[in-house]
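Biologist: Can you put the model up? I have a few questions about how its parts fit together.

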Amino acid sequence: MLDPRVLRTLVAEASLAPSVHNIQPTRWRPEDGRVVVTADPARRLPIGDPEGRDVAVSHGCAVEGFRIAAASQGLAVEVAPDGSDVAVLTLKGVAEVDPLAAFVGARRTYRGRFEASPSARDACARLAETCPDLVMLQEQEAIADLAALYDDASLRWFRRADYRAELVSWMRLSRRHADWARDGLNAEAMAMSPLEAAGAGLVLRPGVFEALDKVGLARALVAEAPVVRSATAVALFHRPADEPPFETGRRFYRVWLAFTQAGLSASPMAVLADDEAASASLRAEHGLGLDRRLITAFRLGLAPASRQPPKPRLPLESLILV
């Protein structure tokens, strides 16, 4: 019998793992001394993630977070795939504390401009040597080229009204939004001022974006090139093409925690992997063969010292099924 207090502690820490658009799709159900991991079917992205790969990656992140949390309690976790659910977790045996556990609370997405830092450059160089699933771009010309590619890909996706509608449904552009502190992408986490958030809500409306695009203003409104160019490095994260996305998610979380351990802040730029033209360009330029899948690109650097906003998270009562 798993102590309910221990389960709450482990799920609370697992919930700090990243998920696509912060939709937090993973649920936990104690059953016969095990924990059955299931998916909330209402939390999907049918437009941006029609095959459910990103949601499966999110589940992998959450389960790896659970395993790290359990190890901090001295508990080992056996993770078994499950046909109808995501996985079944069995706690047994003894585990040593995971060295990345200390960085779970500090990991977060940073979407602002980075500061120039020799220490960040050294940290990126070390990660390039120790993480074989990262291609680290540190030359300013390469980062500038990638920033332009990112803006091109972003504009292509923003031109899709169905994609914009789905994205906006997960944006929390005002503190008055009922889910501001619970899930999704709130303005504070997206480094938007209240004025910028109000403007984004207006620009992304059906009809308004198309009108701005016709007069050539849309690209400037979605562009992030100046922020990307401030990065110390951009890391292309790639995994075996035949790897299940759930397993990719477990590695995804550990790589992001390794960034935090190295003193770096990060922001994923998933559209570079989701957009076929952008992904093909990066794969060709950086020699990623057909046996590798580009998962995402992270911009990396040193964030200015400031108060970190709390992570929007669902309450445990929503995550633990009884």
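Modeller: Here it is; what follows is a walk through sheets, helix contacts and one residue, and the model is a predicted one.

Biologist: Start with the sheet that has β1 in it. What is the strand order?

Modeller: The order is β1-β2-β4-β3, in an open sheet of four strands with antiparallel pairing.

Biologist: Which strands stand at the edges?

Modeller: Those are β1 (26-31) and β3 (75-81). Each has a single partner strand, so one side of each is left without a neighbour in the sheet. From one strand to the next, the twist averages 30 degrees.

Biologist: How many bridges join β1 to β2?

Modeller: Six, and the two strands run antiparallel; β2 covers residues 34-39. T26 stands opposite A39 in β2, and E31 has R34 as its bridge partner in that strand.

Biologist: What links the two strands?

Modeller: They form a hairpin, with two residues between β1 and β2. D32 sits in the turn and has a positive phi of about 55 degrees.

Biologist: Where do side chains point in a strand?

Modeller: In a regular strand they alternate between the two faces of the sheet.

Biologist: Now the sheet with β5. What is the order there?

Modeller: β5-β8-β10-β9, which is an open sheet of four strands with antiparallel pairing. β5 (134-137) and β9 (265-268) are at the edges with a single partner strand each, so each has one side without a neighbour in the sheet. The twist in this sheet averages 30 degrees from one strand to the next.

Biologist: How many bridges are there between β5 and β8?

Modeller: Four, in the antiparallel sense, with β8 spanning residues 233-240. One pairing to look at is L137, whose bridge partner in β8 is V234.

Biologist: Which helix lies across β5, β8 and β10?

Modeller: Helix α4, residues 140-158. It runs at about 70 degrees to β8.

Biologist: How do α4 and α12 sit relative to each other?

Modeller: Their axes come within 9 Å and cross at roughly 160 degrees; α12 is residues 276-285. Angles over 145 degrees count as roughly antiparallel, so that is what α4 and α12 are to each other.

Biologist: Which residues make the contact?

Modeller: L146, L149, A153 and R156 come from α4, and A277, A278, S281 and L282 from α12. By class, the contact has six nonpolar residues, one polar and one charged.

Biologist: Different pair. At what angle do α2 and α10 cross?

Modeller: Roughly 60 degrees, and the axes of α2 (residues 53-72) and α10 come within 6 Å. The two helices are therefore oblique to each other. α2 passes α10 in a right-handed crossing.

Biologist: Which residues are in that contact?

Modeller: On α2 they include R53, A56, V57 and H59, and on α10 they include P245, F246, T248 and G249. Overall, the contact of α2 with α10 has ten nonpolar, five polar and five charged residues.

Biologist: One last residue, T260. Where is it?

Modeller: T260 is in helix α10, which covers residues 245-261.

Biologist: Is T260 buried or exposed?

Modeller: Buried, because its relative accessibility is 13% and the cut-off for buried is under 20%.

Biologist: What does T260 touch?

Modeller: Not counting residues up to four places away in sequence, T260 touches F103, A106 and R107.

Key. Residues are numbered from 1 along each chain as its sequence is written. This is a predicted model: local features need pLDDT of at least 70, side-chain atom pairs count only at pLDDT 80 or more; totals for chains, interfaces and linings use all residues. Side-chain values use heavy atoms; hydrogens and water are left out. Two strands pair if DSSP finds at least two bridges between them. Axes are lines fitted to C-alpha atoms, for helices over the stretch in contact, and angles run from 0 to 180 degrees between N-to-C directions. Contact means heavy atoms within 4.5 Å. Buried means under 20% relative accessible area, exposed over 50%, partly exposed in between (1.4 Å probe, protein chains only). Angles under 35 degrees count as roughly parallel, over 145 as roughly antiparallel, 65 to 115 as roughly perpendicular and the rest as oblique. A crossing is left-handed if the near helix is turned anticlockwise from the far one by less than a right angle, and right-handed if clockwise. Ala, Val, Leu, Ile, Met, Phe, Trp, Tyr, Cys and Pro count as nonpolar, Asp, Glu, Lys and Arg as charged, and the others, Gly among them, as polar.
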